[in-house]
Amino acid sequence: MEVNERPNENRIEGRHGVLEAFRAEQIVERLFVQKGCKDGPVMTILREAKKVGTMVDFVPKERLDQMSETGHHQGVIANIAAFEYSDIEDMFALAEKKGEDPFFFLLDGIEDPHNLGAIIRTANLAGAHGVIIPKRRAVGLTATVVKASAGAIHYTPVAKVTNLVNCMESLKERGLWFACADMDGDVMYRQNLTGPIGLVIGNEGNGVSRLVKDHCDYVASIPMNGDIDSLNASVAAGVLAFEVVRQRGFK
């Protein structure tokens with residue numbers, strides 16, 4: 001996947017700064033290391049990254065030079081999360097506090113920070129109790145995401161998991177059903193979207209991955225009458241989420 005990095009997204013450059021970020025237990029979303037760098041300090045940074053499961057990209061020096069804002073990256077650049085992640089238990093606690101069945105969003109590879117921010121905002125407005133995102137091949141809580149959420153990030157827990165399918169299996173054991181948005185599914189108005197539920201929204205270009213889709217209980221399509229056959233990921237999330245709201249309120 002091509003990496004589209006934006007400037008001033010909570011970025012740390014240089015070996016000392018990046019290593020201290022790990023030691024201070026800051027959440028490093030992504031680590032970029034120059035290909036071929038295997039000296040002591042870099043190997044120490046890579047060990048720290050492995051301990052906490054940070055995604056590591058090995059890139060050419062020219063790529064780091066393009067990304068660098070200081071000109072002194074020393075072969076290492078890290079992106080730091082702009083907001084603290086929550087735990088899935090926080091979501092269950094929020095649902096219990098409200099006296100509601102759990103209602104979660106699970107995002108399968110959302111890459112655009114504006115989409116993620118918009119989905120977090122939608123989740124809050126729809127009364128969802130949290131958003132779950134994968135560690136790899138997806139955008140994390142960057143400054144752009146926080147801004148795009150329009151404040152919803154302060155009220156809606158966001159958790160990051162290593163494996164989305166394993167997470168779904170664990171949540172199924174706690175009573176959740178899963179519905180994913182896919183144009184090949186049954187029309188959402190015919191689906192029973194009440195009770196403890198997780199809405200699964202796929203990648204902007206490829207949709208929900210096959211393995212994740214196979215673990216969903218329902219595949220829900222959004223009826224469309226236009227000349228094109230797809231919606232933006234955040235718009236699709238909103239349409240499906242408010243069908244859940246409708247069914248919860250009127251069924």
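**Entry 1: Cys216 and the cysteines**

I looked up Cys216 in this predicted model and found that Cys216 counts as buried, at 12% relative accessibility. The cut-off for buried is under 20% relative accessible area. I then asked which cysteine sulfur is nearest to that of Cys216. It belongs to Cys180, 3.9 Å away, and Cys216 is in no disulfide. A disulfide requires sulfur atoms within 2.5 Å, so a separation of 3.9 Å does not qualify. I extended the search to the whole structure and noted zero disulfides. I also checked Cys37, which is buried with a relative accessible area of 16%.

**Entry 2: The six-strand sheet**

I traced an open sheet of six strands in the order 7-6-5-9-8-10, with parallel pairing. Which strands stand at its edges? They are strand 7 (158-161) and strand 10 (218-221); each has a single partner strand, so one side of each is left without a neighbour in the sheet. I recorded an average turn of 35° between neighbouring strands of this sheet, direction ignored.

I followed the pairs one by one. Strand 8 and strand 9 run parallel and are joined by four bridges; Cys180, met in the previous entry, stands opposite Val200 in strand 9. Strand 5 pairs with strand 9 in the parallel sense over six bridges, and there Phe103 faces Ile197 as its opposite residue. Strand 5 also pairs with strand 6, again in the parallel sense, over three bridges. I noted Ile132 in strand 6 as the bridge partner of Leu106.

**Entry 3: Strand 5 and helix 5**

I asked how many residues of strand 5 are buried. The count is six of its six residues, and the strand is mostly covered. I then sorted the side chains by direction: Phe103, Phe105 and Leu107 point one way, Phe104, Leu106 and Asp108 point the other way, and all are buried.

I found that strand 5, helix 5 and strand 6 make a right-handed β-α-β unit. Helix 5 lies across strand 5, strand 6 and strand 7, and runs at about 165° to strand 5.

**Entry 4: The nonpolar cores**

I looked for the largest nonpolar core and found that it has 36 residues. Those with the most contacts inside it are Phe103, Phe105, Leu107, Leu116, Ile120 and Leu199. Among the elements that give two or more residues to it are strand 5 (103-108), helix 5 (113-125), strand 8 (177-187) and strand 9 (197-202). Which element gives the most to this core? It is helix 9, with six residues.

I listed the contacts of Phe103, leaving aside its neighbours within four places in sequence. They include Ala128, His129, Ile197, Leu199, Ala241, Val244 and Arg248. I also noted a second, separate core of 20 residues, which includes Leu106, Val165, Leu171 and Val208.

**Entry 5: Val239 in helix 9**

I placed Val239 in helix 9. Is Val239 buried or partly exposed? At 30% relative accessibility, Val239 counts as partly exposed; the range for that class lies between 20% and 50%. With its neighbours within four places in sequence left aside, Val239 is in contact with Met188 and Ile222. I also took the C-alpha separation of Val239 and Gly140, which is 23 Å for residues 99 apart along the chain.

**Entry 6: The four-strand sheet**

I turned to an open sheet of four strands, ordered 1-4-2-3, and found its pairing to be mixed. Its edge strands are strand 1 (11-13) and strand 3, each of which pairs on one side only. Neighbouring strands here are turned by 20° against each other on average, direction ignored.

I checked two pairs. Strand 1 and strand 4 (residues 76-80) pair in the antiparallel sense over three bridges, with Glu13 opposite Ile77 in strand 4. Strand 2 (residues 28-34) and strand 3 pair in the parallel sense over five bridges, with Gln34 opposite Val59 in strand 3.

I then examined strand 3 (residues 55-59), where the side chains alternate. Met55, Asp57 and Val59 point to one face and are buried, whereas Val56 and Phe58 point to the other and are not.

**Entry 7: Helices on the four-strand sheet**

I noted that helix 1 (residues 15-23) lies across strand 1, strand 2 and strand 4, at about 40° to strand 4. Helix 2 packs on the sheet and touches strand 2, strand 3 and strand 4; its direction makes about 150° with that of strand 2. I closed with the unit formed by strand 2, helix 2 (residues 40-52) and strand 3, a right-handed β-α-β unit.

Conventions. Residues are numbered from 1 along each chain as its sequence is written. This is a predicted model: local features need pLDDT of at least 70, side-chain atom pairs count only at pLDDT 80 or more; totals for chains, interfaces and linings use all residues. Side-chain values use heavy atoms; hydrogens and water are left out. A nonpolar core is a set of buried Ala, Val, Leu, Ile, Met, Phe, Trp, Tyr and Cys residues joined through side-chain atoms within 4.5 Å. Buried means under 20% relative accessible area, exposed over 50%, partly exposed in between (1.4 Å probe, protein chains only). Contact means heavy atoms within 4.5 Å. Two strands pair if DSSP finds at least two bridges between them. A crossover is right-handed if, with the strands pointing away from the viewer, the path from the first strand over the helix to the second runs clockwise. Axes are lines fitted to C-alpha atoms, for helices over the stretch in contact, and angles run from 0 to 180 degrees between N-to-C directions.
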